[in-house]
Protein chains: 2
Amino acid sequence: MQTEALIPFKSRNPKTRLSRVLDQEEREAFAAAMLSDVVGAVREAGCRPVVLATETWDNPGREQAIVHPAGLNEALNSLLPLRPGPVLIIMSDLPLVTSRDVDLLCGTDHDLVIAPGRGGGTNAIFIREGSRFRVDYYGQSFEKHKKIARDAGLSCGIAESFRLHTDIDEESDLVELLIHGAGRSVTFLRELGFSLWSQQGRVCVERGT
Amino acid sequence: MQTEALIPFKSRNPKTRLSRVLDQEEREAFAAAMLSDVVGAVREAGCRPVVLATETWDNPGREQAIVHPAGLNEALNSLLPLRPGPVLIIMSDLPLVTSRDVDLLCGTDHDLVIAPGRGGGTNAIFIREGSRFRVDYYGQSFEKHKKIARDAGLSCGIAESFRLHTDIDEESDLVELLIHGAGRSVTFLRELGFSLWSQQGRVCVERGT
């Protein structure tokens, strides 16, 4: 049975922690490029991508979308009970993810696999029977999701790829994207003049003028 | 043939970026605890750990050690030519690493496997024939090491575990250790009163008084 990949996406004024190096219009285009990379990876892995957006947006890739103006938890917890089959929830700010990572997530023997995000969050969850789980994002959601799985009697694996672990929120995350990225979002950054440089042994990003 | 695991270790005044939350004596004890976790993981994976220290230190675990006061590159590049067999170079500040990660590194079909560190560095390298490689740490060493491998005609794999990717340098890295750690170094932090708390959706560490 084909896995439905729900991809939460914030189109308007996203990634404000990157405001020092990208203006709002650029951040919106960058977020759309990252979404495109994630959609590509899940599609290549054989999943059916469905963008879960807070509002309508340009959607140049004509991706299937659900527009749900509620909060992330409310939106997902209204959709999951209707989904008895396999569901992948994967964030749209994971442009390092490859189809191999998605294959490993969805090829599990567990009822559930969680990919922790840097800083205690949850970057992806594969749920074999979507209706048996509910989400609780924000804060220490990795621990919360493990507990929800335990309480529901679901066996739970952990995905350990750094590509799933690395969500792009801050300038230091752009270093990871410039080093390990291969899709539209890294191309977008390079076209804006972003590059790496080393300062006292540490690697930083700079934007050319 | 048993893999020799060379573990570079700085015993005196290490991890200065943690100075806000740990004084020098605590940082030295913390570095020793992280070393102990790494030694345990490589030993459990069947490697022979050898600590490569810049100076003599307390060494409570009585680990085999080479004291080499030169810089990291000079020290390693004087040792590698004498090592025709398999060598793993793994940093001592990777307390999330498990024996499974080490198994995957050393079980490769490649001539070489590199585990990138966050920020462009290199956290571990497995070299099937140590004498065929030389290292060039600092700055963008991940890219440099890939190039050295290419120039030497060595096939090169990439290790993608976030446990190998996460070196502990800054306070935000302590969040990862408190969430995903299971060894001496996380016990050390907990005994000092470190815990996690969420602030505006972001997870931080705080040290209890």
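How many bridges join strand β5 of chain B to β7(B), and do the two run parallel or antiparallel? I began my notebook with this point and found three bridges between β5 (residues 112-116) of chain B and β7(B), with the two strands running parallel. I note at the outset that the model is predicted.

**Entry 1: the sheet of chain B**

I followed one pair of residues across these strands and found B:Val113 opposite B:Gly157 in β7(B). I then looked up the whole sheet. It is an open sheet of seven strands in the order β3-β2-β1-β4-β6-β5-β7 (chain B), and its pairing is mixed. At its edges I found β3 (65-67) and β7 (156-158) of chain B, each of which pairs on one side only. From one strand to the next, the twist averages 20°. I reminded myself that strands of a sheet pair through backbone hydrogen bonds, in either a parallel or an antiparallel manner.

I also looked for a helix against this sheet. Helix α4 (residues 141-151) of chain B lies across β5, β6 (122-127) and β7 of chain B, and its direction is at about 170° to β5(B).

**Entry 2: the sheet of chain A**

In chain A I read the strand order β3-β2-β1-β4-β6-β5-β7 for an open sheet of seven strands, again with mixed pairing. The edge strands here are β3 (65-67) and β7 (156-158) of chain A, each paired on one side only. I examined β1 (residues 4-9) and β2 (residues 48-53) of chain A, which run parallel and are joined by six bridges. Within this pair, A:Ile7 stands opposite A:Val51 in β2(A). Helix α4 (residues 141-151) of chain A lies across β5 (112-116), β6 (122-127) and β7 of chain A, at about 170° to β5(A).

**Entry 3: how the two chains are related**

I next asked what turn lays chain A on chain B. A turn of 180°, with a shift of 0.0 Å along the axis, does so with an RMSD of 0.0 Å. The two copies are therefore related as by a two-fold rotation axis. In chain A, the C-alpha nearest this axis belongs to A:Phe162, at 2.0 Å. Both copies use the same surface, for 100% of the contact residues of chain A recur in chain B.

**Entry 4: a pocket and a cavity**

Rolling a probe the size of a water molecule over the atoms shows where empty space is left. I recorded about 720 Å³ of space in the second largest pocket. Its lining comprises 28 residues, and those nearest its centre are A:Arg100, A:Leu104, A:Ser161, B:Arg100 and B:Leu104. The elements that give two or more residues to this lining are α3 (99-106) and β7 of chain A, together with α3 (99-106) and β7 of chain B. By class, I recorded 12 nonpolar, nine polar and seven charged residues in the lining of this pocket.

How many cavities of 30 Å³ or more does a search of the whole structure find? The search finds one. The largest cavity holds about 40 Å³ of space. Its lining consists of A:Asp111, A:Ile127, A:Arg128, A:Glu129, A:Arg132 and A:Leu154. Of these lining residues, four are charged, two are nonpolar and none is polar.

**Entry 5: one residue, A:Glu171**

Lastly I located A:Glu171 in helix α6 (residues 171-180) of chain A. Leaving aside neighbours within four places in sequence, I found A:Glu171 in contact with A:Leu18, A:Arg20, A:Val21 and A:Val205. A:Glu171 and A:Glu206 are 35 residues apart in sequence, and their C-alpha atoms are 9.4 Å apart in space.

How values were computed. Residues are numbered from 1 along each chain as its sequence is written. Chains are lettered from A and ligands numbered from 1 in the order in which they are written. This is a predicted model: local features need pLDDT of at least 70, side-chain atom pairs count only at pLDDT 80 or more; totals for chains, interfaces and linings use all residues. Side-chain values use heavy atoms; hydrogens and water are left out. Two strands pair if DSSP finds at least two bridges between them. Helices (H or I, at least four residues) and strands (E, at least two) are DSSP runs, numbered from the N terminus. Contact means heavy atoms within 4.5 Å. Axes are lines fitted to C-alpha atoms, for helices over the stretch in contact, and angles run from 0 to 180 degrees between N-to-C directions. Copies are superposed by least squares on the C-alpha atoms of residues with pLDDT of at least 70 in both. On a 1 Å grid over the protein atoms alone, a cavity is a set of points where a 1.4 Å probe fits but cannot get out, and a pocket is an open set with protein on both sides within 12 Å along at least five of seven lines; lining residues have an atom within 4 Å of a point. Grid points are joined across faces, edges and corners, and a volume is the space filled by probe spheres set on the points. Ala, Val, Leu, Ile, Met, Phe, Trp, Tyr, Cys and Pro count as nonpolar, Asp, Glu, Lys and Arg as charged, and the others, Gly among them, as polar.
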